[in-house]
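These are my notebook entries on a single protein chain, written down in the order in which I looked things up. I wanted to go from the whole chain to one pair of helices, and then to a few single residues.

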Amino acid sequence: MACRLIADPAANFIEAAEKEDPMNLFGKLKDAIFGKKAHAQTAPQATPSATPAAPGNAWAAAPVVEQKAVDVVDVEQSLDAMPGADNLNWRTSIVDLMKLVGIDSDFASRKELAQELGRSDYGGSAEDNIWLHKRVMKELAANGGKVPADLRD
């Protein structure tokens, strides 16, 4: 879950978690591969500053946020271990990848996933599906997944 600091005139800064859309297809796909625990990591905790900040300086008064180590998930190993993986071509097919993790792989779902990942002109062609598969793999890698280069490029 991503966190961001929001300026609040009444109280210097407050930490707010961005709520995820329960219908987020990439989130569902990531949960299926990483597992719910990996997805539900706690937000980094703010540590109090040892030196007091100058009055009226909200930026100086903001708490320091320390990053926590994120467990790396071997995406290829996780997918290979799923039931039915040996009967599907999930390494190159977005349709088979979605089927493997239990997400509807129809055109509407693939179009929605493509839009979540920044492609508004998804048409369902072979080229679009190749792009979508590679984009999903890149996003998994960007979110803590260990994804072999041949699946990302």
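Before counting anything I wrote down what a contact is: two residues are in contact when they have heavy atoms within 4.5 Å. With that settled, I looked up how far along the sequence the partners lie, and I found that residues 24 or more positions apart account for 44% of the contacts in the chain with a separation of 6 or more. I also noted that the model is a predicted one.

**Entry: the whole chain.** I listed eight helices and six strands, and reading along the sequence I wrote the pattern as β-β-α-α-β-α-β-β-α-α-α-α-β-α. Of the 153 residues of the chain, I noted that 29% count as buried.

**Entry: helix 1.** How many of the 10 residues of helix 1 are buried? I found eight, and I therefore described this helix as mostly covered, taking under 20% relative accessible area as the cut-off for buried. The buried ones are L25, F26, G27, L29, K30, D31, I33 and F34. I then looked at both ends: at the start of helix 1, a side-chain oxygen of N24 comes within 3.0 Å of the backbone nitrogen of F26, and just after the helix, G35 has a positive phi of about 90°.

**Entry: helix 1 against helix 7.** I reminded myself that a pair of packed helices is described by the angle between their axes and the distance between those axes. For helix 1 (residues 25-34) and helix 7 (residues 126-142), I wrote down an angle of about 65° and axes 11 Å apart. The crossing of these two helices is right-handed. Helix 1 brings F26, L29, K30, I33 and F34 to the contact, while helix 7 brings V136, E139 and L140. Sorting the residues of this contact by class, I wrote six nonpolar, no polar and two charged.

**Entry: the nonpolar core.** Which residues of the largest nonpolar core touch the most other members? Out of its 27 residues, I noted I33, L79, L113, V136, M137 and L140. The elements giving two or more residues to this core are helix 1, helix 4 (75-80), helix 5 (94-100), helix 6 (107-116) and helix 7, and the largest share, five residues, comes from helix 1. I followed V136 further and, leaving aside its neighbours within four places in sequence, found it in contact with F26, L29, I94, L97, L113 and L117.

**Entry: S109.** Is S109 in helix 6 buried or exposed? I noted it as buried, because its relative accessible area is 11%, and the cut-off for buried is under 20%. A polar atom of the S109 side chain lies 3.3 Å from the backbone oxygen of D104. Apart from neighbours within four places in sequence, S109 is in contact with L25, M98 and D104.

**Entry: G124.** I found G124 in the loop between helix 6 and helix 7. Its relative accessibility is 25%, so I entered this glycine as partly exposed, a class that lies between 20% and 50%. G124 and R110 are 14 residues apart in sequence, and I wrote 7.7 Å for their separation in space, C-alpha to C-alpha. Not counting residues up to four places away in sequence, G124 touches F107, R110 and N129.

How values were computed
Residues are numbered from 1 along each chain as its sequence is written. This is a predicted model: local features need pLDDT of at least 70, side-chain atom pairs count only at pLDDT 80 or more; totals for chains, interfaces and linings use all residues. Side-chain values use heavy atoms; hydrogens and water are left out. Axes are lines fitted to C-alpha atoms, for helices over the stretch in contact, and angles run from 0 to 180 degrees between N-to-C directions. Helices (H or I, at least four residues) and strands (E, at least two) are DSSP runs, numbered from the N terminus. A crossing is left-handed if the near helix is turned anticlockwise from the far one by less than a right angle, and right-handed if clockwise. Ala, Val, Leu, Ile, Met, Phe, Trp, Tyr, Cys and Pro count as nonpolar, Asp, Glu, Lys and Arg as charged, and the others, Gly among them, as polar. A nonpolar core is a set of buried Ala, Val, Leu, Ile, Met, Phe, Trp, Tyr and Cys residues joined through side-chain atoms within 4.5 Å. Buried means under 20% relative accessible area, exposed over 50%, partly exposed in between (1.4 Å probe, protein chains only). A polar contact is a pair of N or O atoms within 3.5 Å; within protein, one must be able to donate a hydrogen and the other to accept it, and residues adjacent in sequence count only if both atoms are side-chain atoms.
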